[in-house]
Amino acid sequence: MVDDSQGKTDIDELRATLRRYLTEELLPFERASGFTYEDKFSKETVRKVWRRSRELGLYGPQLPPELGGRGLSVSDLCLLKDDVAASGAILFPHVLGDWGGPSRIGNLVRHATPEQVERYILPVVRGEKGSCFAMTEPQSGSDAASIRTRAVVDGDDYVITGHKHYISASTFADFAVIMCVTDPDKGADGISAIFVDLDRPGVSLTYDCLPMTGQHVDADIVFDGVRVPRANLIGKEGQGFRIAMDRVSVNRLLHCPTMIGLARQAYRLALDYAKTRQQFGGPISRFQAIQHMLADMATGLYACEGMVKAAAALADSGQDVRREASMCKLFVSETCFQIADKAMQIHGNVGVTKNHPVEFIFRRLRLYRIVTGTSEIQRNTIAKSILA
């Protein structure tokens with residue numbers, strides 16, 4: 001049997017570092033600053049989090065050591081993502097680099113040229129630049145291969161024209177990885193991936209797509225005849241869709257511990273509230289109706305944890321987890337939303353108050369039933385796999 005005691009020690013130490021940072025630095029900073037869930041945070045504010053997390057070894061720990069990461073396994077990364085989401089920190093997605101950080105570019109290393117690594121990858125790893133991944137368009141959501149943004153060769157440049165919609169982390173980004181059509185006659189095999197700096201002439205961002213969470217994270221990106229060097233092509237022409245799909249399965253899986261962490265926070269808040277809220281001469285936790293809701297919430301969390309742990313172990317062993325990741329995304333997103341719903345019910349009028357933590361978590365978890373593929377798309381993927 002392989003001795004993994006050293007690996008366990010490393011992740012335990014990293015989790016302890018994360019807890020100290022959250023409780024001793026980030027949460028006090030947020031309280032002192034009066035931050036709320038729906039604030040519009042400046043790039044400098046989030047970059048402070050990036051840099052401090054980088055100093056502590058928390059920023060992009062899944063990256064290989066040669067890129068300044070820790071080579072963290074999927075299983076261990078899931079533990080950190082659960083911990084940080086359950087902390088109650090408003091800026092928690094920035095701690096591990098999920099919004100604009102290494103999570104957006106880590107899988108591109110094997111496709112990028114040395115020049116691209118120096119110009120784009122390493123600045124993100126160091127917390128100096130932000131990035132986003134731009135595939136979705138107004139008319140193409142689940143049908144990812146139907147994108148229309150075009151990149152036409154003109155000498156040593158591509159000229160890019162198109163519209164990307166609801167692009168996560170674009171508000172913090174300095175550049176985007178754009179999926180665009182370079183050969184319209186080849187379908188998905190005519191889609192390429194290109195680095196595009198967002199300060200280039202012809203690029204504009206609009207911020208009309210505010211999600212139900214009220215968080216200023218997403219923007220539309222419009223490209224009006226944007227000239228980009230052909231040297232910005234990632235890999236080869238026509239590889240863009242495959243590069244994008246390579247990240248989808250594990251990316252879907254890695255959304256799950258964030259959902260679990262948020263649901264765990266809601267559960268803890270509901271449990272504490274049930275023990276302290278007085279009605280009819282005692283705490284509401286003595287009522288069987290409340291007890292059953294708490295029991296269902298705890299059971300749901302346990303089931304979600306087990307699914308994600310099993311799928312992460314498969315991913316770490318090198319197996320294709322497309323089906324398992326879709327199963328996790330489907331079950332975890334639906335179950336965690338139910339947990340948030342019960343937490344809101346237990347809190348009563350307090351829980352439906354705008355920007356109460358439980359009310360915000362409810363909104364946030366509802367969103368996760370849509371992002372990175374709706375529940376219906378996950379069912380399609382699962383059904384296709386089991387019927388093959």
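**Helix packing and residue environments in the predicted model**

Ser-73 is partly exposed, with a relative accessible area of 24%. In this predicted model, Ser-73 occupies the loop that joins H2 to H3. Although 242 residues separate Ser-73 from Ala-315 along the chain, the C-alpha atoms of the two lie 8.9 Å apart. Ala-315 is also paired with Val-250, a residue of helix H6 (residues 240–276); here the separation is 65 residues in sequence and 7.6 Å in space between C-alpha atoms. Val-250 has a relative accessibility of 29% and therefore counts as partly exposed, since the buried class is confined to values under 20%.

A contrasting environment is found in helix H2 (residues 43–55), which contains Ser-53. The relative accessible area of Ser-53 is 0%, so this residue is classed as buried. When neighbours within four places in sequence are set aside, the contacts of Ser-53 are Tyr-21, Leu-58, Tyr-59, His-94 and Val-95.

At the level of the whole protein, the secondary structure consists of 10 helices and 10 strands. The radius of gyration is 22 Å, in agreement with the value near 21 Å that a compact globule of 388 residues would have. Along the principal axes, the C-alpha atoms fill a box of roughly 80 × 55 × 50 Å. Of the 388 residues, 51% are buried. Among contacts with a sequence separation of 6 or more, 74% link residues 24 or more positions apart.

Two helix pairs were examined in detail. The first involves helix H3 (residues 74–86) and H6, whose axes cross at roughly 35° and come within 7 Å of each other. The crossing of H3 and H6 is right-handed. On the H3 side, the contact is formed by Val-74, Leu-77, Cys-78, Lys-81, Asp-82, Ala-85 and Ala-86. The H6 side contributes Leu-253, Leu-254, Pro-257, Thr-258, Ile-260, Gly-261, Leu-262, Arg-264, Gln-265 and Arg-268. Classified by residue type, the contact between H3 and H6 comprises 10 nonpolar, three polar and four charged residues.

The second pair is formed by helix H8 (residues 322–347) and helix H9 (residues 357–367), which pack at an angle of about 155° with their axes 9 Å apart. H8 is therefore roughly antiparallel to H9, as angles over 145 degrees fall in that category. The crossing of H8 and H9 is left-handed. In H8, the contacting residues are Cys-336, Phe-337, Ala-340, Asp-341, Ala-343, Met-344 and His-347. These meet Val-358, Glu-359, Ile-361, Phe-362, Leu-365 and Arg-366 in H9. By class, nine nonpolar, one polar and three charged residues make up the contact of H8 with H9.

H9 is itself mostly covered, with eight of its 11 residues buried. The buried residues are Val-358, Glu-359, Phe-360, Ile-361, Phe-362, Arg-363, Arg-364 and Leu-365. The elements covering them include helix H4 (92–95), H6 and H8. H6 thus appears both in the cover of H9 and in the contact with H3.

Technical notes
Residues are numbered from 1 along each chain as its sequence is written. This is a predicted model: local features need pLDDT of at least 70, side-chain atom pairs count only at pLDDT 80 or more; totals for chains, interfaces and linings use all residues. Side-chain values use heavy atoms; hydrogens and water are left out. Axes are lines fitted to C-alpha atoms, for helices over the stretch in contact, and angles run from 0 to 180 degrees between N-to-C directions. Helices (H or I, at least four residues) and strands (E, at least two) are DSSP runs, numbered from the N terminus. Angles under 35 degrees count as roughly parallel, over 145 as roughly antiparallel, 65 to 115 as roughly perpendicular and the rest as oblique. A crossing is left-handed if the near helix is turned anticlockwise from the far one by less than a right angle, and right-handed if clockwise. Contact means heavy atoms within 4.5 Å. Ala, Val, Leu, Ile, Met, Phe, Trp, Tyr, Cys and Pro count as nonpolar, Asp, Glu, Lys and Arg as charged, and the others, Gly among them, as polar. The radius of gyration is taken over C-alpha atoms; the globule rule is 2.2 Å times the number of residues to the power 0.38. Buried means under 20% relative accessible area, exposed over 50%, partly exposed in between (1.4 Å probe, protein chains only).
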